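Okay, thanks for making time, everyone. I'd like to walk you through a structure that may be new to you, so let's put it up on the screen.

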Amino acid sequence: MKRKLPFNLSKDQSFYEALSDWVGDVFYDILPEKGFDLRDEQVFMAFQLNQAYKQKQVMFAEAGVGTGKTFVYLLYALSYARYTGKPAIIACADETLIEQLVKKDGDIQKLEQALDLNIDVRLAKSREQYLCIKKLEEKLHMNEGFHDIWEGLPAFVHETNSMNRFTHYGDRKDYAQLPDEEWNEIGWDSLQDCMSCVYRHRCGQTLHREHYRNSADLIVCSHDFYMEHIWTKDSRKREGQLPLLPEASSVVFDEGHLLEFASQKAMTYRMRMETLEGLLERLSASDMRETTLYQIEDIMLANEKWFSLLEKESRTEVGTVRQYISRSSAIIEQGRLLTESIENLLNELVFESEMYVMDDYLLKVVEEYLEQIQYSLKLFLEDEKGIYWLEASEDEHTFVVMPRLVEEILRTKVFSQNIPFIFSSATLSYNRDFSYVAQSLGIKNFEKFSVESPYDYDDMMTVFVPENLPGNEAKFHYAMEHLKQNNGKSLLLFSSKEEMNAFRDHYQSDSDQEWKVIFEGDKEISHTVEEFQNDHSSVLCSYHLWEGLDVPGESLTQVVIVSLPFPPKDPVFDAKRKHAGNSIEDVDIPYMLLRMRQGIGRLIRTSEDHGKVHILLNQEESAYSDLLKSILPVKVDTMKV
């Protein structure tokens, strides 16, 4: 439903002229009268965005901390949504940033109060953020707490009659006290066959989709979810389903420098041995010709041998669950045999469909899954086009493939749309050069601008870089000493979950302090952030929150970066390294420096903030000391370690 514009539009004015006048009034008059600072950087950004919306361009908006870039893009996205009658999509880097944007006293609420607006904003969370009723039912015997969740479900979930009304339920946030490990047992995952699920029409995820699709102004989602929408849109339409997101008036990518990783993730194919076996067993129970049954047997044998070879010849690396797959002649040959068997079965199924004796829906599910496997095997066999690995446990074996390059897909499926696309981040360029991010996303034509932070960092921040610390124990001891000196109020950033857990062990043996230490993963992430913000003497330990964490004030007056955030030893980054001219200079160092700039940026969020940053370097990391100091917003305070 089209809503009223937040400003008056006269007959002798174009929409863009009236929009420009109103935005000028907002920043020069209305917001200062309400106690907000007038920022030249905001006005400059507003002028640039007006042109981007008018010309329906791609805009790289690089603006430092404190420039108020969120206010600017919200004003334009909201106004353009009401002008076109289609909601704007705000895509954030992850689920934590979604919650930050819509939290109490967040930027959207501040705008509503300052401008006397009623903004219809709704969250579209990734499917992994929802309870899977089928998985919960299967896992009831594993955990007494799962019984409490089952009993606490709305009554209509257990009923078999038609629903007269329903309530939203099943959001990860509703089970905030549940650790990530337990949530993964009952949360949705990509291997669920939702179309054949008996709870499909009573599923919290399905019901919430109807809610957010009806937003009149803004839909806030993650990069992952937006790219999943793009990647599945055509197949969902073929199946008679609506796309995950409605047609948008414009799209804003907050922390847009991370979109490439979300794109690769969304375009990932997962081939699970057990899923294929289960589907083919269901299919073989149907009436079909003997030749088709033989083809099914051939695939099941080929599939079992394929995974047996993968497991036998793969290797693991510390810090990742992804196992490296050897491209041995045996694996290559078995991959080709499995591809041929799938092609033969698909040909047989064409004849079966013409006989109309098989379940049409099951036939479509099997055909689509087989075609996905075919595509993933093709990416693997054509080594230069795919990134691949194995994920194996006692119960599950999953072969994973993602395309190495996503620019062509993004160029044709995303940026070919004739709507404004705004990339907003403090770190989009390297020395004001935007070509790296533009090329990786398949963007040929774009506008750009950069504005620095208005904050006087010399008066607000002190940076310490202790060098040549002899190992993790020395780093952890240093961190604990400075946590005590600061009475908590700190964020500790780690480069991996394993490193964070090693600190957890150290902390538990040296825990005579009064302040509380909160670890990422022990509870739902937005609840974790809220707990840290409200407890003004606590410490937050995280390996994900290098970007987007917005905790102003006395709750966060110290950031300790425990190790340099180089990309992991991992098949995805190894593929980037393999195709780079100089893997260290072209992949590892740019990634590390970008992440460092983001991590340091967690400290100063408002003009009233102040504090210290500690960057801890071991002997190997100390080789990058001069490079690090060159990107810091202030000079390093010399100190003895």
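Let's begin with Asp-116, which is exposed because its relative accessibility is 72%, and the cut-off for exposed is over 50%. One thing to keep in mind from here on: this is a predicted model.

So where does Asp-116 sit? Look in the loop between α5 (107–115) and β3 (121–124). What caught my eye there is the backbone: Asp-116 has a positive phi of about 55°, although it is not a glycine.

Lys-489 gives us another case, again not a glycine and again with a positive phi of about 55°. You'll find Lys-489 in the loop between α20 and β14 (490–493). Its relative accessible area is 23%, so Lys-489 counts as partly exposed.

Okay, on to charges. Side chains of opposite charge can pair when their charged atoms come close. How many salt bridges does the structure hold? The count is 26. I'll pick out a few.

Take Glu-247 and Lys-86, whose side chains form a salt bridge at 2.9 Å, N to O. This pair links distant parts of the chain, with the two residues 161 residues apart. Glu-247 is in the loop between α11 (223–238) and β5 (251–254), while Lys-86 is in the loop between α3 (69–84) and β2 (88–92). Glu-247 is exposed, at a relative accessible area of 58%, and Lys-86 is partly exposed, at 31%.

Now, Asp-120 and Arg-122: their side chains also meet in a salt bridge, 2.9 Å from N to O. Are these two buried or exposed? Asp-120 has a relative accessible area of 16%, and since buried means under 20%, Asp-120 is buried. Arg-122 is buried too, with 18%.

The next pair is Lys-629 with Glu-467, a salt bridge whose closest N and O atoms are 3.4 Å apart. Lys-629 belongs to helix α25 (residues 625–631) and Glu-467 to the loop between β13 (461–464) and α20 (472–485), so this salt bridge ties together parts that are 162 residues apart in sequence. Both ends are partly exposed: Lys-629 has a relative accessible area of 34%, and Glu-467 has 28%.

There's also a network to look at. Lys-569, Asp-574, Arg-577 and Asp-588 are joined into one by salt bridges that share partners.

Not every charge story here is about pairs, though. On the surface, there's a patch of negative charge where Asp-12, Glu-17, Asp-21, Asp-25, Asp-29 and Glu-33 gather. If you want to find the patch on the screen, try Asp-12, in the segment before α1 (15–33). Asp-12 is exposed, with 67% relative accessibility.

Last stop, the cysteines. A disulfide is a covalent bond between the sulfur atoms of two cysteines. How many disulfides does the structure hold? The answer is 0. Cys-221, for example, is in no disulfide, and the nearest cysteine sulfur belongs to Cys-92, 7.7 Å away. Why isn't that a disulfide? Because the two sulfur atoms would have to be within 2.5 Å, and here the distance is 7.7 Å. Cys-221 is buried, at 0% relative accessibility. Cys-541 is buried as well, also at 0%.

That's my tour, so over to you.

Notes:
Residues are numbered from 1 along each chain as its sequence is written. This is a predicted model: local features need pLDDT of at least 70, side-chain atom pairs count only at pLDDT 80 or more; totals for chains, interfaces and linings use all residues. Side-chain values use heavy atoms; hydrogens and water are left out. Patches are made of residues with over 30% relative accessible area and no salt bridge: like charges are joined within 9 Å, nonpolar side chains (Val, Leu, Ile, Met, Phe, Trp, Tyr) within 5 Å. Accessible areas come from the Shrake-Rupley method with a 1.4 Å probe; for residues, only the protein chains shown count as cover. A salt bridge is a side-chain nitrogen of Lys or Arg within 4 Å of a carboxyl oxygen of Asp or Glu. Lys and Arg count as positive and Asp and Glu as negative; His and the chain ends are not counted. The place of a charge is taken as NZ of Lys, CZ of Arg, CG of Asp or CD of Glu. Helices (H or I, at least four residues) and strands (E, at least two) are DSSP runs, numbered from the N terminus. Buried means under 20% relative accessible area, exposed over 50%, partly exposed in between (1.4 Å probe, protein chains only).
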